[in-house]
Amino acid sequence: MIRIKQMCFGLACLSAEDVISMADSTITIEDIEGELCKIDRIRDILVRRESELRYMMDDIQLCREITRLKTELQQLVSTPDDDKSKADREREEELLQQVNKLVETRDFLVDDVEFERLREREEDREMAVFLQSKFPKTLAAKGASQDQNVASKSQQTAPFSKTGLTLLKDCCGFTCSIM
């Protein structure tokens, strides 16, 4: 029988003893449940990362649109008041309202990201308690800590694991037009 020495999923690697084969006669229901919990945990981490990436894409699009509108507004503002037509003044007001609306949308996005981060932290705590109660000797010592390390690494490297002002500052670099 050929055994896989290590399987990597980008976020977590499974060693040979973590891989359960149907050919193993020593497999127990607890082993299967433990493996299913590990797979669910990896899936949850991937779903979270997908969500972070979607938030990041929304943020980038908002930053680009705000930058575009502010550039157009800057051109209108640089025109002396005496040379502005009524249409120019109306367009200036319209641009200000659009920028304000986009900034409010972005603020909502930042708040939503923070809420998701707190919800995920609570889910992690609940999962750790569940795993500890369900698999006190196997997963608690080995798999749960590895899953928590993987989850915390994912959160540390993701820009959306940061909070409020840091997130705004880092949205599209230190030269973000919003700041």
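Is Gly34 buried or exposed, and what is its relative accessible area? The views below, all taken from a predicted model, start from the whole chain and come to this glycine in the last legend.

**View 1. The chain as a whole combines 4 helices with 2 strands.** Following the sequence, you will meet these elements in the order β-β-α-α-α-α. The chain has 179 residues, and 29% of them count as buried. Contacts that link distant parts of the sequence are well represented here: among contacts with a separation of 6 or more, 64% join residues 24 or more positions apart.

**View 2. Helices H1 and H2 pack against each other with their axes 9 Å apart.** H1 covers residues 29–78, and H2 covers residues 86–134. The angle between the two is about 165 degrees; because an angle over 145 degrees counts as roughly antiparallel, H1 and H2 are described as roughly antiparallel to each other. The crossing of H1 past H2 is left-handed. Sorted by class, the residues in the contact of H1 with H2 are 19 nonpolar, 18 charged and 2 polar.

**View 3. The largest nonpolar core brings together 11 residues.** Its members are Tyr55, Leu62, Ile66, Leu69, Leu73, Leu76, Leu95, Val99, Leu102, Leu109 and Val113. Both H1 and H2 take part, each supplying at least two residues of this core. H1 gives the largest share, with 6 residues. As a general background to this view, nonpolar side chains in soluble globular proteins tend to be buried together.

**View 4. Arg68 is a partly exposed residue of the H1 helix.** Its relative accessible area is 43%, and since buried means under 20% and exposed means over 50%, a value in between is called partly exposed. For a reference point across the sequence, look to Val99, which lies 31 residues away from Arg68. The C-alpha atoms of Arg68 and Val99 are 9.5 Å apart. Val99 is also one of the residues of the largest nonpolar core.

**View 5. Lys84 and Glu92 are in contact where H1 gives way to H2 through a loop.** Which residues does Lys84 touch, leaving aside its neighbours within four places in sequence? They are Leu76, Val77, Thr79, Arg89 and Glu92. Lys84 belongs to the loop between H1 and H2, and with a relative accessible area of 9% it is buried. Glu92 sits in helix H2 and is buried as well, at a relative accessible area of 18%. Not counting residues up to four places away in sequence, Glu92 touches Leu73, Leu76, Val77 and Lys84. Leu76 and Val77 therefore appear among the contacts of Lys84 and among those of Glu92, under a cut-off of heavy atoms within 4.5 Å. Another useful landmark is Gln75, 17 residues from Glu92 along the chain, with a C-alpha separation of 9.5 Å.

**View 6. Gly34, the residue of the opening question, is buried.** Its relative accessible area is 7%, and because the cut-off for buried is under 20%, Gly34 earns that description. You will find Gly34 in helix H1. Its partner in this view is Leu131, 97 residues away along the chain. Despite that spacing in sequence, the C-alpha atoms of Gly34 and Leu131 are separated by 8.7 Å.

How values were computed: Residues numbered from 1 in each chain as written. Predicted model: local features only at pLDDT ≥ 70, side-chain atom pairs only at ≥ 80, totals over all residues. Heavy atoms only, no water. Axes fitted to C-alpha atoms, helices over the stretch in contact; angles between N-to-C directions. Parallel < 35°, antiparallel > 145°, perpendicular 65-115°, else oblique. Left-handed = near helix turned anticlockwise from the far one by under 90°. Nonpolar A, V, L, I, M, F, W, Y, C, P; charged D, E, K, R; others polar. Buried < 20%, exposed > 50% of the residue type's maximum accessible area, 1.4 Å probe, protein only. Core = buried A, V, L, I, M, F, W, Y, C linked by side-chain atoms within 4.5 Å.
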